[in-house]
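Here is a protein model to explore together. Have a look at it, then follow the notes below.

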Amino acid sequence: MTQARAQRLFYVYGPPGAGKTSLARLLAQRLELPFTDLDDQIEAAAGMSIPAIFSAEGERGFRARELSALQAAAGAGRGVVALGGGALLDPACRSLAEESGVVLCLSASRDVLLKRLLLEASTRPLLGGGPGWRDRLDGLLAARAAHYASFALRLDTSSYDLEGAARAAQVRLGAWRITGMGAGYDVRVTPGGLDGLGEMLRARGLNGPLALVSDRNVAALYAQRAAEALEGCGYAVRSVILQPGEEHKTVAAVEELWQGFLAGGLERGSTVVALGGGVVGDLAGFAAATYLRGVRWVAVPTSLLAMADASLGGKTGADLPQGKNLVGAFHPPALVLADPLLLGSLPEAELRSGLAEVVKHGILADAELFERCERGWEALSADWDEVVRRAVAVKAGYIQADPYEKGIRAALNLGHTIGHAVELASGFRLRHGEAVAVGLAAEAVIAEQQGIAERGLAGRIAACLIGLGLPVEIPPWIDGEAFLAALKVDKKNAFGQVRFALPERIGACRVGVAVEMDFRSLLEGRVNHRGHGEE
């Protein structure tokens, strides 16, 4: 059973008082999935309450009913299931849950559990109410401690309110639902997910024939696996392979995709699958947006940059000689499936480049992620899965709040106004993430100079980027006039002014900031990354 299949159901488990039912219900709402309370299903089938079942049939009889209810839930397909506190003690029940879904085991401190259970201990058969219920809770927790600790995915809910616990649970599960741009779409971070790609498309009603879009480098590694996963679920697949690199992100490449779609017999009900980095996703999404006035598409990012940032949000497009992403469309995917195991094939330089977007997301809304970035390469490379999940959570939050970038979502452009100009002026010799790193450092300096950022922020950001092996200065060989010209045509500009998203502190950013300054100073080596440029 692949992990991709395992994510069709999400089980929420843990001791009494951990918040299983409330959290599972909210998760189901946020993910737009069916919700099942296993205890409610047991009571409905038995026609009596759980305390009455225990009284009439004992714990053994209750557990038999629990297994039957779990089998029914497992056969239902996608959804979120709240489990009773001992539902997975039976090895058969645990195997069934782990084969049909992924289990998130909750916990909480003893004091928190006692507070939550104070008003309801009498309704819980294994606690029984009365003066000794606290002792019985302690005994239950001690007896099950090793069992609860044995689950790979765990979440301590002690310090969270319900909304905070739900957000943290989504990070643990790698699962989001993005709405606000037409039909909503699922985002899943699933190790091993590539091999379950066909099943994930079928579960969401996506039709063929399919176009599998990739570039020459990625196709050599993963196109056959992706095609086999799709064909194994009955899809007819037409592969369209592009030249790699930002320099090939052109309107001519979009036309090549249209021709490939025609040759593959794609119809209005068909689906385009983008397997690759940010360039492949942008081009395939734009081609899908414009072919037959719009067909559905799926993003399967293969680079850290694309997993953490580019594959999310529905912004698609191509470059013109004058600037990046000057033509494009908002056309959200029907599914984003990120498989962090694919990062193992990337060169270290590509991973480091992708970390610029991770740092950006940490600056914007995840201080813990930024602090991990400050600890350096080893702290990040030890667990790419968590890095991707935390970065995705930040971007998903901004997209959900502002789908069409009319306000706060513009914060995601942090580092990109300078970064895009540097990237274009370099003739794409600099990787996108390297250019964004330069932009993050320079824009933090500008923010301090403008009195927007707290003192010392620019130095902290620059030190973090340098520690990750990323550049913070515009290379001296950059064509200065090309850089200045690119700033003038940035798509975020308005009324002839260069507009920025600028950091205020870790966790806060100001958007739409018009900056009046001589940007040549950025080219002349007069920027001090402690935050004070020479006058």
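## Around helix α2

Let's start just past the end of helix α2, where E32 takes a positive phi of about 55°. Keep in mind as you read that this is a predicted model.

Now step back into the helix itself. Helix α2 covers residues 20–31, which makes 12 residues. From its first C-alpha to its last it reaches 16 Å, close to the 16 Å expected at 1.5 Å a residue. Which residues of α2 are buried? They are K20, L23, A24, L26, L27, A28 and L31. It helps to know that an α-helix has 3.6 residues a turn, so residues three or four places apart point the same way.

## Two nonpolar cores

How many residues does the largest nonpolar core have? It has 128, and the ones with the most contacts inside it are L197, L201, V272 and F483. The element that gives the most to this core is helix α19 (residues 432–449), with 11 residues. There's also a second, separate core of 24 residues, and Y11, A46, A74 and F151 are among them.

Let's zoom in on L201, back in the largest core. Leaving out residues up to four places away in sequence, L201 touches L206, L210, L230, Y235, V273, V298 and L335. One of those, Y235, has another partner: the charged end of R202 sits over the ring of Y235, 3.8 Å from its centre.

## Rings meeting rings

The structure holds seven aromatic pairs. Take F261 and Y291: their ring centres are 5.3 Å apart and their planes are at 80°, so the pair is edge-to-face. This pair links distant parts of the chain, since F261 is in helix α11 (residues 251–263) and Y291 is in the loop between α12 (278–290) and β11 (296–301). That puts the two 30 residues apart. Both F261 and Y291 are buried.

Another pair is W377 with W384. Their ring centres are 5.5 Å apart with the planes at 70°, so this pair is edge-to-face too. W377 and W384 are both buried. W377 also has a charged neighbour, as R352 lies over the face of its ring, 4.3 Å from the ring centre. Elsewhere, Y13, Y148 and F151 form one aromatic cluster, and you've met F151 already in the second core.

## Cysteines without bridges

How many disulfides does a search of the whole structure find? Zero. Why is C93 in no disulfide? A disulfide needs two cysteine sulfur atoms within 2.5 Å, and the nearest cysteine sulfur to C93, that of C105, is 15 Å away. C93 has a relative accessible area of 2%, so it is buried.

C464 is in no disulfide either, and its nearest cysteine sulfur, that of C373, is 5.1 Å away. With 3% relative accessibility, C464 counts as buried.

## The company L153 keeps

Last stop: L153, which is found in strand β5 (residues 153–156). L153 and V102 are 51 residues apart along the chain, and their C-alpha atoms are separated by 8.4 Å. What does L153 touch, not counting residues up to four places away in sequence? The list is V102, V103, L104, C105, R172 and L173. You may recognise C105, whose sulfur is the nearest cysteine sulfur to that of C93.

Methods: Residues are numbered from 1 along each chain as its sequence is written. This is a predicted model: local features need pLDDT of at least 70, side-chain atom pairs count only at pLDDT 80 or more; totals for chains, interfaces and linings use all residues. Side-chain values use heavy atoms; hydrogens and water are left out. A nonpolar core is a set of buried Ala, Val, Leu, Ile, Met, Phe, Trp, Tyr and Cys residues joined through side-chain atoms within 4.5 Å. Buried means under 20% relative accessible area, exposed over 50%, partly exposed in between (1.4 Å probe, protein chains only). Helices (H or I, at least four residues) and strands (E, at least two) are DSSP runs, numbered from the N terminus. Contact means heavy atoms within 4.5 Å. Rings of Phe, Tyr and Trp (its six-membered ring) pair if their centres lie within 6.5 Å; planes under 30 degrees apart count as stacked, over 60 as edge-to-face and the rest as tilted. A charge sits over a ring if NZ of Lys or CZ of Arg is within 6 Å of the ring centre and within 35 degrees of the ring normal. The expected span of a helix is 1.5 Å times one less than its number of residues.
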